[in-house]
Amino acid sequence: MAHSARKDSPELPDFSYLKSLAKDHLIDQLRKIPGKKDLFIEPDLMSPLDRIANVSTLKQHEVDKLFKVEYKPIISTSDQLCFLIRPRIQTVKWICDVANADKAAGRSRRYNIIFTPQKFYACDAVLEEQGLFEEVTTYEWEFYLLPLDDDIISLELPEFFRDSFLAGDQRWVRTVSNSLCLLQSLYGPFSNVYGIGRISKMVEKCWREQGERGPTKNQQAKIGKVFLIDRDVDFVTPLCSQVVYEGLVDDIFRIKCGCVEFGPDVTSSDRSTKVMLNSQDKVFNQIRNEHFSNVFGYLSQKARNLQTAYDKRQGMDIKQMKAFVSEELKSLKQEHRLLSMREFCCSSLRNCGQTCVSHCPVSFSDISASESIMKTKTSQDFQELLRIEHCRSRRISMLTLTVTVTVTLILFFPVAALLEGFDIRECISFIEEHIIRQASITESMRLLCLLSMTENGLLSKDYRSLKTQFLQSYGTDHLFTFANLRQLGLLVEQQPGETLTVMESKVGKLVNDKTAGKLTDAFSSLTKKSHFRALSRKLNLVPKSDKDYDLRVPKDMAYIFSGAYNALSCKIIEQVLERDSWTGLEEVTRLINSPEFTVTVSNNAELSPKSDAQRIIFVMFLGGCTFSEISALRFLGKEKGYRFIVVTTAITNSSRMMEALLENRV
């Protein structure tokens, strides 16, 4: 089970210091605001703050009451208000409204704003425009990085994706650059930096300009290489349904800041349960990277082992019972509690195939969460899905449980068909039915975008037909949504004469052009296209095999999508690390049409190719990263002897990405 680290794998640096640093800096800011105060916290900061400083810590520094920013009149009676917010104009305007309402009521208060991770000029401009620049005191909480696990660090900036790639706002570039400076100052010099993407290039340039804040020359290096990658380099991967355990939990229950909350419909009680998901949870750590098909058997065996351990109590004398209680019982109860939580998330199906239940070794009472998963993921007739799914050229091992195959088939349609490019008309019919039924709007958008990305745009008749049906089902105000998708190249209409074959011919001609100086201009003149088929052939993204793919013993990173697809982002990282450069990948980078770069940061002689530091690699995703990609990198690390540390602006998935692009206004 799982991708346990190799015995010769290097030890990861301790990132807990990042939390301590953020906590100490927050306390410093609170100390600068003497006296009792009510603290208003922006909603998306509440979970990160909970990981940094608890309520008692805030109370110790004269925080009286806590409120959530709700953009409505406040009910606080305190004479001093403090606002912990992101540097958003909307929030600053609301604070101005609060202050102006107090003025109108003849009430005098002190107002303080703590911006995190930094303050932007636009926020000061709003305060000045409202005549409150002198009356509001502002501070900055330099909270850049939050360790979610031993090998996952997040900037917790979900707006980075929309701001940077859709709005063209570059304000977060310096924030990311500051986070890299912080990492380098704490964990020593990096040897090389590789990157691909427009935003990555800007971050690297800004980071170099801040070089004076870097580490001292004599500081020991703990990390070897850094890889920066823009999200728009690979949109296909986050559009695919996730089938690794952690990714599936995120898709259905939304993992937020390393925690997941199971509602009453899952816990079968009147209360919700919040669970921390990290490597400290031994059961979760064993199954988090596994394909969903492998989880049932593991939990079943684990449950039997626990029962056997409990049964040891039978026939014990008093002395043996005392030893059992003091040495084993506590750990058994802890393990049983963790196992129960996992069974909530991956038990058998009740509604999507009653016959499957008899094959599943997990108890029938533990099936609540899977029912939620199935209700969320599909409402289509199961037999129709099974019939269409059997058309796949990639097959799942028949050795897996019947219930597991059922789950995989439902979750994975029609991704496999779209990725391989067969039965496109049938896929379009499926998407049309999905839209007509007014199923989840984000799911409909996901399928439309995946179809467009894999086919290098839609034929005019298909594009117009699907667009018309979408607007009729979900509202004409989503014309703005289509504009957003088109701007990003996620959903585009093929222009006359720009069929897939013609476009690939143009690209091939450019690739073979010997006039290197003209290549950049030539490619910039082309509309942003995915060229997925050409990339797939170059990098073997869709493995071709007539054999069954054994998901219990995965042979490559494609297992994260049932053996049907290698994530483009992870494949690029693998290829660059193998070459230690971009040499030999010129055609790939031109197809992607994004700038790539390599920068040697340190020539430290101590960083030999086989040193522990050189085998620890930072991979920073600018615009979000999925749990599937994290699992793929963990698998790659195990195979190649690396340890990957994933740094991301936020954890993302297809739903979050589509929600960021939704427009529902006219």
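A residue counts as buried when its relative accessible area is under 20%, as exposed when that area is over 50%, and as partly exposed in between, using a 1.4 Å probe and protein chains only. Helices (H or I, at least four residues) and strands (E, at least two) are DSSP runs, numbered from the N terminus. This is a predicted model, where local features need pLDDT of at least 70, side-chain atom pairs count only at pLDDT 80 or more, and totals for chains, interfaces and linings use all residues. Residues are numbered from 1 along each chain as its sequence is written, and side-chain values use heavy atoms, with hydrogens and water left out.

**View 1. The whole chain, with 30 helices and 14 strands.**
Start with the big picture: there are 666 residues here, and 60% of them are buried. A contact means heavy atoms within 4.5 Å. Among the chain's contacts with a separation of 6 or more, 79% join residues 24 or more positions apart. The accessible surface adds up to about 28,700 Å², with carbon and sulfur atoms supplying 49% of it; areas come from the Shrake-Rupley method with a 1.4 Å probe, and for residues only the protein chains shown count as cover.

**View 2. Helix α7, residues 173-187, is mostly covered.**
From first C-alpha to last, the 15 residues of α7 reach 21 Å, close to the 21 Å expected at 1.5 Å a residue. That expected span is 1.5 Å times one less than the number of residues in the helix. How many of the 15 residues of α7 are buried? The count is 12, and the set is Val173, Thr175, Val176, Ser177, Asn178, Ser179, Leu180, Cys181, Leu182, Leu183, Gln184 and Tyr187. These buried residues pack against three helices, α1 (16-31), α6 (160-166) and α8 (198-209), plus the strands β9 (225-230) and β13 (616-622). Right after α7 comes Gly188, with a positive phi near 90°.

**View 3. Where α1 meets α7.**
The two helices pack at an angle of about 115°, and their axes sit 12 Å apart. Axes here are lines fitted to C-alpha atoms, for helices over the stretch in contact, and angles run from 0 to 180 degrees between N-to-C directions. α1 passes α7 in a right-handed crossing. On the α1 side, the contact uses Tyr17, Leu18 and Leu21, while α7 brings Leu182, Leu183, Leu186 and Tyr187. As for handedness, a crossing is left-handed if the near helix is turned anticlockwise from the far one by less than a right angle, and right-handed if clockwise.

**View 4. Asp28, elsewhere on α1.**
Asp28 lies in helix α1 and is partly exposed, at 35% relative accessible area. Its C-alpha is 9.0 Å from that of Trp141, although 113 residues separate the pair in sequence.

**View 5. Unusual backbone spots in three loops.**
Most residues other than glycine have a negative phi, and most peptide bonds are trans. Which residues does a cis peptide bond join? They are Thr116 and Pro117, with omega about 0°, and Pro117 sits in the loop between β4 (110-115) and α5 (121-129). Glu62 has a positive phi near 65°; this residue lies in the loop between α3 (55-60) and β2 (63-68) and is partly exposed at 40% relative accessibility. Tyr71 also isn't a glycine, yet has a positive phi of about 55°. Tyr71 is in the loop between β2 and β3 (80-85), and counts as partly exposed because its relative accessible area is 35%.

**View 6. Helix α10, residues 245-253, has nine of nine residues buried.**
The buried set of α10 includes Glu246, Asp250 and Asp251 alongside Leu248, Val249, Ile252 and Phe253. Arg254 follows α10, and its phi is positive, near 65°.

**View 7. Leu661 in helix α30, residues 654-661.**
Is Leu661 buried or exposed? It's buried, with a relative accessible area of 0%. Leaving out residues up to four places away in sequence, Leu661 touches Phe161, Arg162, Leu166, Thr481, Asn484, Leu485, Leu488 and Leu490. Thr442 is 219 residues away from Leu661 in sequence, but C-alpha to C-alpha the gap is 9.6 Å.

**View 8. Two cysteines in a structure with zero disulfides.**
A disulfide is a pair of cysteine sulfur atoms within 2.5 Å, and the structure holds zero of them. Cys82 counts as buried because its relative accessibility is 1%. Cys427 counts as buried too, at 2%.
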